Amino acid sequence: MKISLRVCYVALGLFILILIIGFVQLNTVQVFLAPTLAFTVALASIPTHVGISAATPASTPIPAATSHVQSLQTTQAPSCCDISKGIDVEPFCNGSDTLSLRGCKCVDVLLCRMVAVTSLSSNHFAEGQDNFGSLQKYFPRTKIIVYDLGLTESERRQLTSYCNVELRNFPFEKYPDHVRDLQTYAFKPLVVSEVAREYEVILYGDASV
């Protein structure tokens with residue numbers, strides 16, 4: 001939720017109005033107390049959880065050289081990833097596998113196997129930055145596969161500088177011509193299909209998610 005500019009203007013208007021009245025009708029002490037009190041009351045009426053979006057930093061992508069895993073709290077425990085190597089995820093998660101993984105749950109194993117996937121064109125490049133920052137923050141050990149749907153060279157260089165990001169060209173040549181029209185969104189299931197040949201668990205998200 002954002003602070004409305006109208007609220008700010010009303011508070012400022014009250015401040016100026018009472019300041020003028022104070023000069024005319026009140027003594028020196030009241031001149032400063034009255035407008036200050038009015039301005040304080042106006043600001044106090046705004047809920048404390050409300051913030052101005054421009055002042056709130058978004059999740060920004062993390063460069064590849066940055067170490068950021070140690071401060072994260074996540075269920076993706078390294079021990080579970082090591083222990084679960086080589087097991088079949090499906091029978092383990094549906095309960096038919098009696099293999100003991102020393103307290104590791106299905107979600108732990110899924111997170112260990114998960115790969116994050118998205119696809120980008122230049123017109124969505126800016127909004128996609130929050131996507132990368134959030135994924136790196138909450139899933140720091142997860143590979144992020146990005147399919148290039150029409151990026152510039154500078155945008156490609158920027159993406160490849162991020163931690164855990166793998167950039168791939170989308171193979172338009174393999175599919176019918178209508179797939180090149182991004183407004184049909186036909187590329188989305190095809191991106192998932194491409195990655196599903198390699199990975200068991202896929203988290204797909206649009207650039208703006």
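Leaving out the residues within four places of it in sequence, Phe132 is in contact with Pro61, Thr118, Leu120, Ile144, Val146, Leu159 and Tyr162, where contact means heavy atoms within 4.5 Å. Phe132 is found in helix H6, and its relative accessible area of 0% makes it buried, a word used here for values under 20%, with exposed for values over 50% and partly exposed for those in between (1.4 Å probe, protein chains only). Helices (H or I, at least four residues) and strands (E, at least two) are DSSP runs, numbered from the N terminus. The model is a predicted one, in which local features need pLDDT of at least 70 and side-chain atom pairs count only at pLDDT 80 or more, while totals for chains, interfaces and linings use all residues. Residues are numbered from 1 along each chain as its sequence is written, and side-chain values use heavy atoms, with hydrogens and water left out.

Phe132 has company in its own helix, for the buried residues of H6 are Gly128, Gln129, Asn131, Phe132, Gly133, Leu135 and Gln136. The elements that cover these buried residues include E1, E2, H7, E3 and E4.

Those strands form an open sheet of four, in the order E3-E2-E1-E4 and with parallel pairing; two strands pair if DSSP finds at least two bridges between them. Strand E3 and strand E4 (201–204) stand at the edges with a single partner strand each, so one side of each has no neighbour in the sheet. From one strand to the next the twist averages 30°, with axes taken as lines fitted to C-alpha atoms, for helices over the stretch in contact, and angles running from 0 to 180 degrees between N-to-C directions. Strand E1 (residues 114–120) and strand E2 (residues 144–148) run parallel and are joined by five bridges, and Val117 has Ile145 in E2 as its bridge partner. Helices also lie across the sheet: H5 (residues 106–113) lies across E1 and E4 and runs at about 50° to E1, whereas H7 lies across E1, E2 and E3 and runs at about 145° to E3.

The aromatic rings offer another way through the model. Rings of Phe, Tyr and Trp (its six-membered ring) pair if their centres lie within 6.5 Å, and planes under 30 degrees apart count as stacked, over 60 as edge-to-face and the rest as tilted. The count by this rule is five aromatic pairs. In one of them, the ring centres of Phe132 and Tyr162 are 6.0 Å apart and the planes stand at 55°, so the pair is tilted. This pair links distant parts of the chain, 30 residues apart, with Phe132 in H6 (residues 128–138) and Tyr162 in the loop between H7 (153–160) and E3 (165–169). Both Phe132 and Tyr162 are buried. Tyr185 and Phe187 have ring centres 6.5 Å apart and planes at 50°, so this pair is tilted; Tyr185 is partly exposed at 44% relative accessible area, and Phe187 is buried at 6%. Ring pairs also link Tyr147, Phe170, Phe172 and Tyr175 into a cluster.

Tyr185 and Phe187 appear again in the largest pocket, where 16 residues form the lining and those closest to the centre are Ser121, His124, Tyr185, Phe187 and Lys188. The volume of the largest pocket is about 260 Å³, and the elements giving two or more residues to its lining are E1 and helix H8 (187–196). On a 1 Å grid over the protein atoms alone, a pocket is an open set of points where a 1.4 Å probe fits, with protein on both sides within 12 Å along at least five of seven lines, and lining residues have an atom within 4 Å of a point. Grid points are joined across faces, edges and corners, and the volume is the space filled by probe spheres set on the points.
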